[in-house]
Amino acid sequence: MPTKISILWADDEIDLLKPHILFLTNKGYDVTPVASGVDAVEEIKKRAFDLVFLDENMPGISGMEALTQIKALRDVPCVMITKSEEEYIMEDAIGSKIADYLIKPVNPNQILHSIKKLTENARLTSEKTNQSYQQDFRNIGMMLNDNLNFEEWLAVYRKIIYWELELDSVEDNQMGEIIAMQKQEANRSWAKYINSNYMKMMKNPGEGGLIMSHQLMKNKVFPLLEQPDPVFFILIDNLRYDQWKMIQPYLANHCRVEQDDLYMSILPTTTHYCRNALFAGLPPGEIERKFTTLWSNDEEEGGKNLHEEEFLAENLKRNGHDIKMSYTKVVNLDQGKAMVDNVSNMFQNKLNVIVYNFVDMLSHARTEMGMIKELSEDEAAYRSLTRSWFEHSPLFEAIKKIAQKKVKIIITTDHGSIRVKNPVKIIGDRNTTSNLRYKQGKNLNYDKREVFEIRNPKEASLPCPHVSSTFAFCYEDNFFAYPNNYNYFVNMYRDTFQHGGISLEEMLIPIAVLSSK
């Protein structure tokens with residue numbers, strides 16, 4: 001042990017604990033014994049310790065009183081040791097944020113286990129996590145070399161995100177670069193899979209467990225309308241699966257997760273296409289034909305998601321659901337607070353839809369604002385920023401209020417995003433879409449090896465504004481750049497989070513069903 005771990009042990013029968021102290025000294029620990037809570041506080045004033053053991057029942061001041069004084073002086077983990085198994089004592093200790101709780105008589109190995117758990121946990125966890133991922137690395141690699149079906153792709157992506165988050169959480173992330181390379185390899189394979197299968201998916205939706213944007217309401221939401229409880233459908237714009245996993249633990253005290261699934265976003269992976277398809281229950285090409293006055297094509301001016309409520313109402317009617325519903329869209333803090341205030345009125349509706357537009361704003365703000373870019377300089381920081389937002393958001397406050405009654409809550413999104421790195425040159429006319437991950441227009445010029453092209457949009461159930469309209473999509477972490485001002489454009493957008501193209505992060509997205517506890 002390079003530096004000795006220092007332990008303060010306070011017990012009014014400290015002389016009887018000499019064998020325990022000798023055992024720990026022989027293990028390389030520096031133990032300072034004291035016989036009272038007062039002495040423990042005095043020692044804490046003099047020097048810092050890595051860990052404190054406190055007897056709960058000591059003369060003078062009790063272990064709980066000593067704990068309070070110690071915590072006011074230093075942020076040090078404290079272990080409470082007591083003869084009593086009374087529940088209220090345990091609750092008091094836990095409420096006072098003790099690090100561990102032991103009941104006498106304690107043996108040396110119990111003490112050793114507690115020390116290791118509290119002082120060496122980070123190192124041991126790091127070693128074990130890195131070793132475990134190394135063992136699974138080969139398994140994931142072998143899966144990626146197979147001809148995967150859709151359900152197998154979901155399993156691969158879940159594994160990759162699991163390990164990415166596990167490795168993020170350890171101090172010594174030795175395998176961070178390896179998991180990033182493996183995710184990049186997975187995205188290359190996913191690009192080939194989409195290239196070979198996307199058109200078939202659009203023609204034969206629902207095969208092999210596949211659920212796409214325009215099937216989500218019918219498959220996941222409408223069946224819940226047959227049950228007696230109100231349904232709250234919460235769509236957080238641009239929420240990736242890894243971001244969902246970051247906010248999920250905050251819901252554990254309020255909700256029970258019944259389903260934690262993934263579904264697939266259609267192309268382009270943008271709000272305009274995915275969210276309209278989701279609420280309408282139709283792919284964009286059919287929306288354009290059925291709702292000629294409500295659908296806006298890329299080159300038309302004005303908002304592209306102004307009629308989601310109408311699309312949803314028609315979808316419900318078409319599927320035989322004559323119910324009372326509400327639709328709330330939140331795009332700023334004041335609207336979020338107003339939504340929280342209105343929650344009590346929503347319980348009278350069978351279906352309540354809340355569209356919360358924060359994560360998408362975060363990704364755009366990251367592109368445009370230097371400070372936000374610094375706060376989310378990599379994937380882990382970007383996830384952390386999402387988690388911090390959610391913890392303090394009106395949305396979380398609303399969910400806590402909703403979960404106080406017997407309800408079903410669905411949390412999902414319309415698409416994800418990917419951090420782009422590699423520019424791909426493209427040439428188009430002035431009416432070509434401005435999105436960095438896909439282009440739609442006439443006379444597009446690009447290297448066909450670098451993009452997924454749809455030359456006949458109708459075959460992919462996409463709108464076709466012109467006879468010669470073509471869609472071109474970026475693979476992996478590429479982004480489109482025009483030859484004019486190429487270097488400026490690349491420097492501006494490299495390492496920003498974008499969506500619209502083909503990647504696991506954009507296309508495999510969360511859908512969770514929760515119930516109140």
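**Burial, a charged pocket and aromatic pairs**

Buried residues make up 54% of the 517 residues in the chain. The model is predicted. Its secondary structure comes to 21 helices and 19 strands. Along the principal axes, the C-alpha trace spans about 90 × 50 × 40 Å. Contacts often reach across the sequence. Among those between residues at least 6 apart in sequence, 74% join residues at least 24 apart.

Helix 11 illustrates burial within a single element. This helix covers residues 271-280, and 10 of its 10 residues are buried. Nonpolar and charged side chains both appear in the list. Among the buried residues are Leu278 and Phe279, but also Arg275 and Asn276. His272, Tyr273 and Cys274 are buried too. Gly281 follows the helix. The phi angle of Gly281 is positive, near 70°.

Empty space was examined next. Rolling a probe the size of a water molecule over the atoms shows where such space is left. The second largest pocket has a volume of about 490 Å³. Its lining consists of 21 residues. Nearest the pocket centre lie Glu164, Ala180, Lys183, Glu379 and Lys421. By class, the lining divides into 12 charged, five nonpolar and four polar residues. Several elements contribute. Helix 7 (150-168), helix 8 (176-203), helix 18 and strand 11 (418-419) each supply at least two lining residues. Helix 8 gives the most, with seven.

One lining residue, Glu379, was followed further. Glu379 belongs to helix 18, which covers residues 379-391. The relative accessibility of Glu379 is 15%, so this residue counts as buried, the cut-off being under 20%. Leaving aside residues up to four places away in sequence, Glu379 touches Arg240, Arg419 and Phe497.

Aromatic rings were then compared. A pair of rings is described by the distance of the centres and the angle of the planes. The count comes to 26 aromatic pairs. In one of them, the ring centres of Tyr157 and Tyr241 are 6.1 Å apart and the planes meet at 40°. That angle falls between the limits of 30 and 60 degrees, so the pair is tilted. Tyr157 lies in helix 7 and Tyr241 in helix 10 (residues 241-251), so the pair ties together parts 84 residues apart in sequence. Both Tyr157 and Tyr241 are buried.

A second pair has another geometry. Tyr438 and Phe471 are stacked, with 6.2 Å from centre to centre and 15° between the planes. Here the partners come from strands. Tyr438 lies in strand 13 (residues 438-441) and Phe471 in strand 16 (residues 470-474), so this pair links parts 33 residues apart in sequence. Tyr438 has 3% relative accessibility and therefore counts as buried. Phe471 is also buried, with a relative accessible area of 0%. Both residues take part in a cluster linked by ring pairs. The other members of this cluster are Tyr198, Tyr273, Trp295, Phe452 and Phe473. Tyr273 also appears among the buried residues of helix 11.

Rings also lie beneath charged side chains. The charged end of Lys400 sits over the ring of Phe396, 4.5 Å from the ring centre. Lys425 lies over the face of Tyr486, at 4.8 Å from the ring centre.

Conventions
Residues are numbered from 1 along each chain as its sequence is written. This is a predicted model: local features need pLDDT of at least 70, side-chain atom pairs count only at pLDDT 80 or more; totals for chains, interfaces and linings use all residues. Side-chain values use heavy atoms; hydrogens and water are left out. Helices (H or I, at least four residues) and strands (E, at least two) are DSSP runs, numbered from the N terminus. Buried means under 20% relative accessible area, exposed over 50%, partly exposed in between (1.4 Å probe, protein chains only). Contact means heavy atoms within 4.5 Å. On a 1 Å grid over the protein atoms alone, a cavity is a set of points where a 1.4 Å probe fits but cannot get out, and a pocket is an open set with protein on both sides within 12 Å along at least five of seven lines; lining residues have an atom within 4 Å of a point. Grid points are joined across faces, edges and corners, and a volume is the space filled by probe spheres set on the points. Ala, Val, Leu, Ile, Met, Phe, Trp, Tyr, Cys and Pro count as nonpolar, Asp, Glu, Lys and Arg as charged, and the others, Gly among them, as polar. Rings of Phe, Tyr and Trp (its six-membered ring) pair if their centres lie within 6.5 Å; planes under 30 degrees apart count as stacked, over 60 as edge-to-face and the rest as tilted. A charge sits over a ring if NZ of Lys or CZ of Arg is within 6 Å of the ring centre and within 35 degrees of the ring normal.
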